[in-house]
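Good morning, colleagues. Please look at the sequence and the model on the screen while I take you through a few of the helices and one pocket.

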Amino acid sequence: FYHPVRLSLVVVCGVVLATLIIQPVAGWNAHERGQAEIQVGRQDLALDWFRRASHIDLGTTGYHDAVARALVQRFHQSGDPQWLVNAVEEEGQAIELNPLDGRFPYRLGTIYGALAEQKLSKDQRDILLNRAAQAYERALQADPYSPQSYMALANIRLPQGRVDEAKSWLQRAVAIEPNFLPAR
């Protein structure tokens, strides 16, 4: 019949194949359950499902992004900035996994911007705004045709008193998308 080495090899290959098939399906299922919980307004359960999906399938950027978005939602509900700090970590993982997608650094910039709006010292606020600007610049490297990123940079630079730089970012936004009314 079967030699024990061949049988072992077949069993190991079967387990590996089963894992490669089951892992993405289980991750997707957990993500979909999280989406369903959001639809009915259960943010806590949605966050749990998104975290579960990101643990099941570590390499899927969308799951880390979903966790980050759920954490930002929790911040808006509670006002606790620790949720934003956790969202920064998750969005950072999404960027590491897919540095070519401009959506993730853009979202990271918005999270840093929300953190900068908290009660902080001027130095802490400036650090967070500069991190937000760096994230938006990274988003533009990944997607140079996104007028929203140019607009976001202008919105950071204008309150910092860097009016000429803000104008330059707005002009670039309009050059990319002439009908982008917020930049006009």
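I shall begin with how the values were obtained, then go through the helices, and end with the pocket.

This is a predicted model, in which local features need pLDDT of at least 70 and side-chain atom pairs count only at pLDDT 80 or more, while totals for chains, interfaces and linings use all residues. Residues are numbered from 1 along each chain as its sequence is written, and side-chain values use heavy atoms, with hydrogens and water left out.

A word on terms. Helices are DSSP runs of H or I with at least four residues, strands are runs of E with at least two, and both are numbered from the N terminus. Buried means under 20% relative accessible area, exposed means over 50%, and partly exposed lies in between, with a 1.4 Å probe and protein chains only.

Let us start with helix α1, residues 4–39. V25 is placed in this helix, and V25 counts as exposed because its relative accessibility is 53%. Between V25 and S149 there are 34 Å from C-alpha to C-alpha, with 124 residues of separation in sequence. L7 is also found in α1; at 44% relative accessibility, L7 counts as partly exposed. The C-alpha atoms of L7 and Q35 are separated by 42 Å, and these two residues are 28 apart along the chain.

Next, helix α2. D44 is found in α2 and is partly exposed, with a relative accessible area of 44%. From D44 to G59, 15 residues along the chain, the C-alpha atoms are separated by 23 Å. S54 has its place in α2 too, but S54 counts as buried, at 3% relative accessibility. Which residues is S54 in contact with, leaving aside its neighbours within four places in sequence? They are Y63, H64 and V67, where contact means heavy atoms within 4.5 Å.

In helix α3 we find V72. Leaving aside neighbours within four places in sequence, V72 is in contact with L84, A87 and I111. The C-alpha atoms of V72 and R33, 39 residues apart along the chain, are separated by 19 Å.

Two of those partners of V72, L84 and A87, are among the buried residues of α4, which also include W83, V88, E90, E91, A94 and I95. Helix α4, residues 82–97, has 16 residues and reaches 23 Å from its first C-alpha to its last, close to the 22 Å expected at 1.5 Å a residue; the expected span is 1.5 Å times one less than the number of residues. The cover over its buried residues includes α2 (43–56), α3 (61–78), α5 and α6.

Helix α5 is mostly covered, with 10 of its 14 residues buried. Among them are F104, P105, I111, Y112 and G113. The cover over the buried residues of α5 includes α3, α4 and α6. Its 14 residues should span 20 Å at 1.5 Å a residue, and the end C-alpha atoms are 20 Å apart, which agrees.

Turning to helix α8, residues 163–176, we again have 14 residues with an expected span of 20 Å, and the end C-alpha atoms are 20 Å apart. Which residues of α8 are buried? They are A166, W169, A173 and V174. These residues lie on the same side of α8, because they cover an arc of only 140° around the axis, the arc being that of the directions from the helix axis to the C-beta atoms. The face turned away from this buried side carries the exposed residues D164, Q171 and A175. What covers the buried residues of α8 includes α6 and α7.

Finally, the largest pocket. A pocket is found on a 1 Å grid over the protein atoms alone, as an open set of points where a 1.4 Å probe fits, with protein on both sides within 12 Å along at least five of seven lines; lining residues have an atom within 4 Å of a point. About 270 Å³ of space lies in the largest pocket. Of the 16 residues that line it, G113, Y136, A152, N155 and I156 are the closest to its centre. Helices α5 (103–116), α6 (122–142) and α7 (147–157) each supply at least two residues of the lining. By class, the lining has 9 nonpolar, 5 polar and 2 charged residues.

Thank you; I would be glad to take questions.

How values were computed
Points joined across faces, edges and corners; volume = space filled by probe spheres on them. Nonpolar A, V, L, I, M, F, W, Y, C, P; charged D, E, K, R; others polar.
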